[in-house]
Amino acid sequence: MLEDRATAVSSPTQWPAAYPKGYAVVDVETTGLARDDRIISAAVYRLDERGEVEDHWYTLVNPERDPGPVWIHGLTSETLEGAPLFADIAEEFAARLAGRVLVAHNAVFDWQMIAREYARAQREAPVRQRLCTIALSKELGLPLPNFKLESLAAHYGVVQQRAHHALDDARVLAEAFRPSLAAAAAGEVRLPLLECRPLTEWSDRPVPRQPSGGYGGYRPGSWRPSRKRPSCPYPNPGRYEDGKHLKQGMRVAFSGDTSTERELLEDRATEAGLHVASSISRLTSLLVTNDPDSGTSKVVKARQFGTPVVDEAAFGQLLRDVEPADE
């Protein structure tokens, strides 16, 4: 049962007529970030037009492959073995999304994962618009130290009980979205709604299961020549510091095998406003490698220059909360 967090912001008597008539607050946990990664759990809180909770729903999903970063989401191969396939829950999931705006934190990620699962099931998700709570927080000018879900939750006094558990993340987001929606309505703020277009670029290449629930038992399926990327428009703010956030303009280099196809990983870094570097120098902000003890030239130079090093899973989390460049 959600606590009535929305009382912190009084609901306006005159509700904007242009606002949506219902919302589906969604969170999905996945095996990773690539086109061939799969959903392993999903949760939906349905809210009415004013943000009042109607019901909630949660399911595990058998991805038929290695579950990915178990240390993040806690779902092992054994846990997911008897779970339904996505095709088995597609109809129920669709019923909870139908006719509503999909609301998520970093909504483009959740939407893309959902849309690809429906494409695999030869269906189409009944969603036409999405709303990202990061974008809404910016529209409202909330005084947040960063745009992590935990910071948004703390702003409204919402207590997280099980981080990276789809049901609890959806609950926390719903509790934080309700007062945000009320504040937007009171201020007649235009909601940052974006169109949801069905996706078709997905892959079903075989991925071996890992008995230990490990991450990294699969590798890119093909080699493609590198392509020229647009230059980063932001100045380099310096090195990444452990425990802090990445900032637009930081120079990031990659070394060794990655579970996500390298080109996709670099694309996401570029889209986040980072500078993808092909080599290591004293100006490099961060090196991403799954094998920090290897003797590759990049790892060796990173040690020489004191360049911070993180693994791919940690980098994936950091990508969700990249700070904007200084104005």
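The following legends describe close-up views of a predicted model.

**View 1. The six-stranded sheet is open and mixed in its pairing.** The strand order across this sheet is β3-β2-β1-β4-β5-β6. Strands β3 (53-60) and β6 (193-195) occupy the edges, where each has a single partner strand, so one side of each is left without a neighbour in the sheet. On average, and with direction ignored, neighbouring strands of this sheet are turned by 25° against each other.

**View 2. Strands β1 and β4 of the six-stranded sheet run parallel.** The view shows β1 (residues 22-30) beside β4 (residues 101-104), the two being joined by three bridges. Tyr23 has Val101, in β4, as its bridge partner.

**View 3. Helices α5 and α7 lie across strands of the six-stranded sheet.** Helix α5 (residues 133-140) lies across β4 and β5 (129-132), and the helix runs at about 60° to β5. Helix α7 (residues 166-186) lies across β1, β2 (39-48), β3, β4 and β5. The angle at which α7 runs to β1 is about 145°.

**View 4. The four-stranded sheet is open, with parallel pairing.** Its strands follow the order β8-β7-β9-β10. At the edges stand β8 (275-277) and β10 (309-310), each of which pairs on one side only. Strands β7 (residues 251-255) and β9 (residues 286-289) run parallel and are joined by four bridges. Within this pair of strands, Val252 has Leu286, in β9, as its bridge partner. Helix α8 packs on the sheet and touches β7 and β8, its direction making about 170° with that of β7. Helix α9 (residues 297-305) also packs on the sheet, touching β7, β9 and β10. The direction of α9 makes about 140° with that of β9.

**View 5. The largest pocket lies between domain 1 and domain 2.** The volume of the largest pocket is about 900 Å³. Its lining comprises 29 residues, of which Asn106, Val108, Glu271, Ala272 and Leu319 are the closest to the centre of the pocket. The elements giving two or more residues to this lining are α4 (107-120), β5, α5 and α8 (262-271). Helix α4 gives the most, with five residues. By residue class, the lining divides into 15 nonpolar, four polar and ten charged residues. Domain 1 (23-195) and domain 2 (246-323) both give residues to the lining, and the pocket therefore lies between them.

**View 6. The second largest cavity has a volume of about 30 Å³.** The structure holds two cavities of 30 Å³ or more. The view is centred on the second largest cavity, which is lined by Glu29, Ser41, Tyr58, His73, Leu75, His164, His165 and Ala166. The residues of this lining divide into three nonpolar, four polar and one charged. Among the lining residues, Glu29 falls within the range of β1 (residues 22-30), Ser41 within that of β2 (39-48), and Tyr58 within that of β3 (53-60). Ala166 falls within the range of helix α7 (residues 166-186).

How values were computed. Residues numbered from 1 in each chain as written. Predicted model: local features only at pLDDT ≥ 70, side-chain atom pairs only at ≥ 80, totals over all residues. Heavy atoms only, no water. Pairing = 2+ DSSP bridges. Axes fitted to C-alpha atoms, helices over the stretch in contact; angles between N-to-C directions. Contact = heavy atoms within 4.5 Å. 1 Å grid on protein atoms, 1.4 Å probe; cavity = no way out; pocket = protein on both sides within 12 Å on 5 of 7 lines; lining within 4 Å. Points joined across faces, edges and corners; volume = space filled by probe spheres on them. Nonpolar A, V, L, I, M, F, W, Y, C, P; charged D, E, K, R; others polar. Domains from an automatic or database assignment.
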